[in-house]
Amino acid sequence: QNTLEVKKIQFSWTIEKDQIHVMLRAKTSGWVSIGFEPEKAMLGANIIIGMVKDGKFDVQDHYGVRKRGHKSDKALGGNSDVLNPSGYEEKGFTTISFTFPLNTGDKYDKTINPEGETIVMLAYGTEKDSFKTRHRYRGIYKINFSTGENKKIK
């Protein structure tokens with residue numbers, strides 16, 4: 001398992017065969033998210049976003065439809081490829097976890113190469129339980145999922 005921890009957000013992952021197991025934890029009672037391979041800002045990114053509201057978690061598979069906007073894969077005619085989602089809130093932190101195929105075959109998902117460098121966006125929202133609120137923090141990193149090497153690029 002590898003972990004990247006920055007600005008009150010923690011991203012841990014494990015590659016197992018053709019899947020990535022992800023855990024995101026941030027200092028917020030709102031949403032947390034990760035985006036893979038954005039083209040420009042959010043555009044073109046495969047985004048997994050989750051929150052916990054009234055003790056129930058909601059983890060969704062989204063696609064960056066413009067620089068500052070995203071929609072669920074399902075709403076765009078694709079599939080939700082999130083497997084084994086879970087989430088909880090505790091002591092001011094929201095934690096979500098899920099498994100995701102490295103290659104879903106969905107046109108709204110990017111193939112993740114565990115051996116190469118992947119551009120990853122990490123973000124979390126304000127204290128509101130809504131996927132429509134803006135992020136409080138966003139950082140972009142280049143990560144090699146196999147070695148854990150990472151570099152902040154924005």
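# Contacts, strands and cores

Me: Asp-106 touches Asp-73, Gly-78, Asn-79 and Asp-81, leaving aside residues up to four places away in sequence. In this predicted model, which side chain of opposite charge is nearest to Asp-106, and how far away is it?

Reply: Asp-106 sits in the loop between E9 and E10. Asp-106 is buried, yet has no salt bridge. A salt bridge needs the nitrogen and the carboxyl oxygen within 4 Å. The nearest side chain of opposite charge is that of Lys-107, at 7.4 Å.

Me: How many salt bridges does the model have, and which residues form a salt bridge at 3.2 Å?

Reply: Side chains of opposite charge can pair when their charged atoms come close. The count here is 1 salt bridge. The closest N and O atoms are 3.2 Å apart in the pair formed by Glu-39 and Lys-110.

Me: How many residues apart in sequence are Glu-39 and Lys-110?

Reply: Glu-39 belongs to the loop between E4 and strand E5 (46-53), and Lys-110 to the loop between E9 and E10. The pair therefore links distant parts of the chain, with Glu-39 exposed at 54% relative accessibility and Lys-110 partly exposed at 23%. In sequence, the separation of Glu-39 and Lys-110 is 71 residues.

Me: Is Trp-13 buried or exposed?

Reply: Trp-13 is found in strand E2. Its relative accessible area is 1%, and the cut-off for buried is under 20%. Because 1% falls under that cut-off, Trp-13 counts as buried.

Me: Which residue's backbone oxygen does the side chain of Trp-13 reach?

Reply: Trp-13 touches several residues beyond four places away in sequence, including Leu-4, Ile-20, His-21, Ile-143, Asn-144 and Gly-148. Another residue, Met-23, is 10 residues from Trp-13 in sequence and 6.4 Å away in space, C-alpha to C-alpha. At 2.9 Å, the side chain of Trp-13 reaches the backbone oxygen of Phe-145.

Me: Which element gives the largest share of the largest nonpolar core?

Reply: In soluble globular proteins, nonpolar side chains tend to be buried together. The largest nonpolar core here has 27 residues, of which Phe-11, Ile-34, Phe-98, Leu-122 and Phe-145 touch the most other members. Elements giving two or more residues to this core include strand E1 (2-6), strand E2 (9-16) and strand E10 (117-125). The largest share, 4 residues, comes from E3.

Me: How many residues are in the other core?

Reply: Phe-11, from the largest core, has contacts that include Val-22, Leu-24, Val-120 and Ile-143, with residues up to four places away not counted. The other core lies apart from this one, and its members include Met-42, Ile-49, Met-121 and Ile-140. The number of residues in that core is 10.

Me: In what sense do E3 and E8 pair with E9?

Reply: E9 runs over residues 93-101, and 7 of its 9 residues are buried. Strand E3 (residues 19-26) pairs with E9 over 8 bridges, with Gln-19 having Pro-101 as its bridge partner. Strand E8 (residues 83-90) pairs with E9 over 6 bridges, and Glu-89 stands opposite Thr-94. For both E3 and E8, the sense is antiparallel.

Me: Which residue in the turn between E8 and E9 has a positive phi?

Reply: E8 and E9 form a hairpin, with 2 residues between the strands. A phi of about 50 degrees is found in this turn, at Lys-91.

Terms used. Residues numbered from 1 in each chain as written. Predicted model: local features only at pLDDT ≥ 70, side-chain atom pairs only at ≥ 80, totals over all residues. Heavy atoms only, no water. Buried < 20%, exposed > 50% of the residue type's maximum accessible area, 1.4 Å probe, protein only. Pairing = 2+ DSSP bridges. Core = buried A, V, L, I, M, F, W, Y, C linked by side-chain atoms within 4.5 Å. Contact = heavy atoms within 4.5 Å. Polar contact = N/O pair within 3.5 Å; in protein donor to acceptor, adjacent residues only side chain to side chain. Lys, Arg positive; Asp, Glu negative; His and termini not counted.
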